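Got your viewer open? Let's take a walk through this protein, one selection at a time.

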Amino acid sequence: ANPLYATQEDLFEEIGQPVIEWITTGFNCCVFAFGQTGSGKTYSMMGNISGDPLQYGLIPRICYSLFDTLHEQSMQDSSIDAYVTFSHMEIYKEHVRDLLTPHKNAPVTLKVREHPQKGVFVEKLTHVRVTTFEEVMQLIEIGDKNRTVASTLVNKHSSRSHAIVTLTVVQRVRLINPNVPTAGLQKQEGRVHLVDLAGSERVALSGAKNLRLKEACSINKSLSVLGDVILSLGSNSRRTHIPYRNSVLTHVLKDSLGGNAHAIMVATISPSAFDYEE
């Protein structure tokens, strides 16, 4: 094995395992791959889902491990009821699209809302209650086919949108109290956004024109805002304004970036990303 490269298993052990622990204990978290187009973000996050399971990326591995963990938990403690919901969206030119319900003519743009109790949510986004890893993989394949990709001089299959797989784990614990005639329920919810960011690129090198130019500008702007949000969150000043609303991407991820949440960035670097003559 090349010591300069991390295997899919290495990536899961370093990132996936902590994510499973966080969302099953009621925390929100976010994992996103950041890097130049063609550097391996989609491979790191999704992998080759139609081939050898050893080539599965973070998203399928986290999904598999999550169901495995919940099954073991139910075997050990029958008082815990748990279920998982799945959603798959893309943010294309600052518009949110549901990847599970494609439209033949023009995709419907969904609105990002904010609720005092529910927090940030995407209105009318499809949420599917899933019970097995196989169900999740079928939904991932549907969403993956509907994602917006295009060819540029830098990458023949460049992702032109940010794709977000969201898993929400809801657990209800039955509290048996002899002084109460009926058993109470304690609810706990954890969520993870698994984000395959669109590739950052220099417009002059990518040969972007017309629609591709607009896409590239939108991508670079949202990535810039993401950087601003992370810098603001890391500031020691309590008065620092966090510019979540400056981009749809950061607005959607708000509850998983700041506050009592965990965020992990996977930085992808590849020499092939700089080979523009292929």
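## Empty spaces and a helix crossing

Start small: the second largest cavity holds about 30 Å³ of space. Keep in mind as you click around that this is a predicted model. To find the spot, select Ile91, Lys93, Glu94, Arg160, Ser161, His162, Ser218, Ile219 and Ser222, which line this second largest cavity. Now colour helix α6, residues 211-233: this helix supplies the largest share of that lining, with three residues. Colour the lining by class and you'll get two nonpolar, four polar and three charged residues.

How many cavities of 30 Å³ or more does the structure hold? There are two, so let's hop to the other one.

**Next stop: the largest cavity.** This one has a volume of about 80 Å³. Select Met46, His88, Arg147, Ala163 and Asp196; of the 13 lining residues, these are the closest to the centre of the largest cavity. Then show α4 (133-146), β10 and β11, the elements that each give two or more residues to this lining. Strand β10 provides the largest share, three residues. By class, the lining of the largest cavity has seven nonpolar, three polar and three charged residues.

**Now for the largest pocket.** Its volume is about 480 Å³. Pick out Lys118, Val120, Phe121, His127 and Arg191, the closest to the pocket's centre among the 21 residues that line it. Which elements give two or more residues to this lining? Select β2 (80-92), β6 (119-122), β10 (162-175), β11 (184-196) and α8 (254-257). Of the elements, β6 gives the most to the pocket lining, with four residues. Switch on class colours again: the pocket lining divides into seven nonpolar, 10 polar and four charged residues.

**Last stop: two crossing helices.** Show α1 (residues 8-24) and α3 (residues 58-76), and turn the view until you can see them cross. Their axes come within 9 Å and cross at roughly 45°, so α1 and α3 count as oblique to each other. Is the crossing left-handed or right-handed? The crossing of α1 and α3 is right-handed.

To see what touches what, show side chains on both helices. On α1, the contact residues include Leu11, Phe12, Ile15, Val19 and Ile20. On α3, they include Leu58, Ile62, Ser65, Leu66 and Thr69. Taken over both helices, the contact residues divide into 10 nonpolar, six polar and two charged.

Definitions and conventions
Residues numbered from 1 in each chain as written. Predicted model: local features only at pLDDT ≥ 70, side-chain atom pairs only at ≥ 80, totals over all residues. Heavy atoms only, no water. 1 Å grid on protein atoms, 1.4 Å probe; cavity = no way out; pocket = protein on both sides within 12 Å on 5 of 7 lines; lining within 4 Å. Points joined across faces, edges and corners; volume = space filled by probe spheres on them. Nonpolar A, V, L, I, M, F, W, Y, C, P; charged D, E, K, R; others polar. Axes fitted to C-alpha atoms, helices over the stretch in contact; angles between N-to-C directions. Parallel < 35°, antiparallel > 145°, perpendicular 65-115°, else oblique. Left-handed = near helix turned anticlockwise from the far one by under 90°. Contact = heavy atoms within 4.5 Å.
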